Amino acid sequence: MPTSTTNKLGHRIGARGGRTRSSILAASRALLDRKHLGEIRVADVAAHAGVSASNFYTYFKTVEETILALCDIAAADFQPLAAQLDGDWSGDGAFRIARGYVVDVLLQWREHGPVLRIEHMLADQGEPGFVESRIRRLRRVHLALERRIARAHATGYHAPGLDPRLTSYQVASMVESAADGFELLKRGDTPADAVIDTTAHIVAKLVTGR
């Protein structure tokens, strides 16, 4: 994903400025592991990054803006997932591809979970920047799933009234939900593989109709 090349003053961000900006983002991400977004102040981020508050405002207007920048990083990491969905879904390949996709989403949520939870929350509340962030992050996945679902629909595996585009959204949302609640789903005696395999079987069924 593209990153800012100029700061809030309109100046080009050089090597030193890039390091400062990266430090601010790293500090914001670290604080999310310990605090809710509403509890994090600019002063907290600046102190954790080892910069002054004025330095923070050179690169970001608000803490929420740093979260949007972190969402861009997460979105970049998500883009390769779509390529995996373009594999061969025939026979046992459907479960193999679906399982690989589920595992990859789990890994992305393990890395970016606190950021993605904020993206989901604020997107659901209609915050424009976060709505666009979620759309941008999942666009390639949605398109890859839609193509596969449309093929199955065209060959009669799905009910006539099923909409491939809407189904692609539902599949992606379901996997995101499973990744978000993975630890909760594992409570009790449920093995991690059972959660992964069950989710993958559902994905394979929804995509192929078989």
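The numbered points below describe selected side-chain contacts and helix packing in this structure, which is a predicted model.

1. Aromatic pairs. The structure holds 2 aromatic pairs. In one of them, F56 and Y57 meet edge-to-face, with 5.5 Å from centre to centre and 85° between the planes. The rings of F56 and F60 have centres 6.0 Å apart and planes at 45°, and because an angle over 60 degrees would be needed for edge-to-face and one under 30 degrees for stacked, this pair counts as tilted. A pair of aromatic rings is described by the distance of the centres and the angle of the planes.

2. The aromatic cluster and its exposure. Taken together, F56, Y57 and F60 form one aromatic cluster. How buried or exposed is each of these residues? F56 has a relative accessible area of 0% and is buried, and F60, at 2% relative accessibility, also counts as buried, whereas Y57 is partly exposed, with a relative accessible area of 44%.

3. The position of F60. As for its place along the chain, F60 lies in the loop between α3, which covers residues 53–59, and α4, which covers residues 63–78. F60 and L31 are 29 residues apart along the chain, and their C-alpha atoms are separated by 16 Å.

4. Charges over rings. Two arginines can be described by where they lie with respect to an aromatic ring. R137 lies over the face of F78, at 4.5 Å from the ring centre, while the charged end of R210 sits over the ring of Y157, 5.7 Å from the centre of that ring.

5. R137 and E176. The residue that lies over F78 also takes part in a salt bridge, for R137 pairs with E176, and their closest N and O atoms are 2.9 Å apart. This pair links distant parts of the chain, with E176 in helix α8 (residues 164–180) and R137 in helix α7 (residues 128–154), 39 residues apart. Are the two partners buried or exposed? E176, at 2% relative accessibility, counts as buried, and R137 is buried as well, with a relative accessible area of 1%.

6. A salt-bridge network. Salt bridges that share partners join D72, E132, R136 and R139 into one network. The structure as a whole holds 14 salt bridges, of which this note describes some examples.

7. The two partners of D44. D44 forms a salt bridge with K35, in which the closest N and O atoms are 3.7 Å apart, and the side chains of D44 and R41 also meet in a salt bridge, at 3.0 Å from N to O. The exposure of these residues can be set side by side: D44 counts as buried at 15% relative accessibility, K35 counts as partly exposed at 30%, and R41 is exposed, with a relative accessible area of 54%.

8. Packing of α4 and α7. Two packed helices are described by the angle between their axes and the distance between the axes. How do the axes of α4 and α7 cross? They come within 9 Å of each other and cross at roughly 10°, and the two helices are therefore roughly parallel to each other.

9. Residues where α4 and α7 meet. On the α4 side, the contacts involve E64, I67, L68, C71, D72, A74, A75 and F78, and these meet G129, F130, S133, R136, R137 and L138 in α7. Several residues from the earlier points return here, including F78 and R137, which were described as a ring and the charge over it, and D72 and R136, which belong to the salt-bridge network.

10. H48 and its surroundings. H48 is found in helix α2, residues 42–49, and is partly exposed, with a relative accessible area of 40%. Which residues does H48 touch, not counting those up to four places away in sequence? Its contacts are A27, A30, L31 and R34. The C-alpha atoms of H48 and S28 are separated by 8.2 Å, although the two residues are 20 residues apart along the chain.

Methods
Residues numbered from 1 in each chain as written. Predicted model: local features only at pLDDT ≥ 70, side-chain atom pairs only at ≥ 80, totals over all residues. Heavy atoms only, no water. Phe/Tyr/Trp six-rings, centres within 6.5 Å; stacked < 30°, edge-to-face > 60°. Buried < 20%, exposed > 50% of the residue type's maximum accessible area, 1.4 Å probe, protein only. Lys NZ or Arg CZ within 6 Å of the ring centre and 35° of its normal. Salt bridge = Lys/Arg side-chain N within 4 Å of Asp/Glu carboxyl O. Helix = DSSP H or I, 4+ residues; strand = E, 2+ residues; numbered from the N terminus. Axes fitted to C-alpha atoms, helices over the stretch in contact; angles between N-to-C directions. Parallel < 35°, antiparallel > 145°, perpendicular 65-115°, else oblique. Contact = heavy atoms within 4.5 Å.
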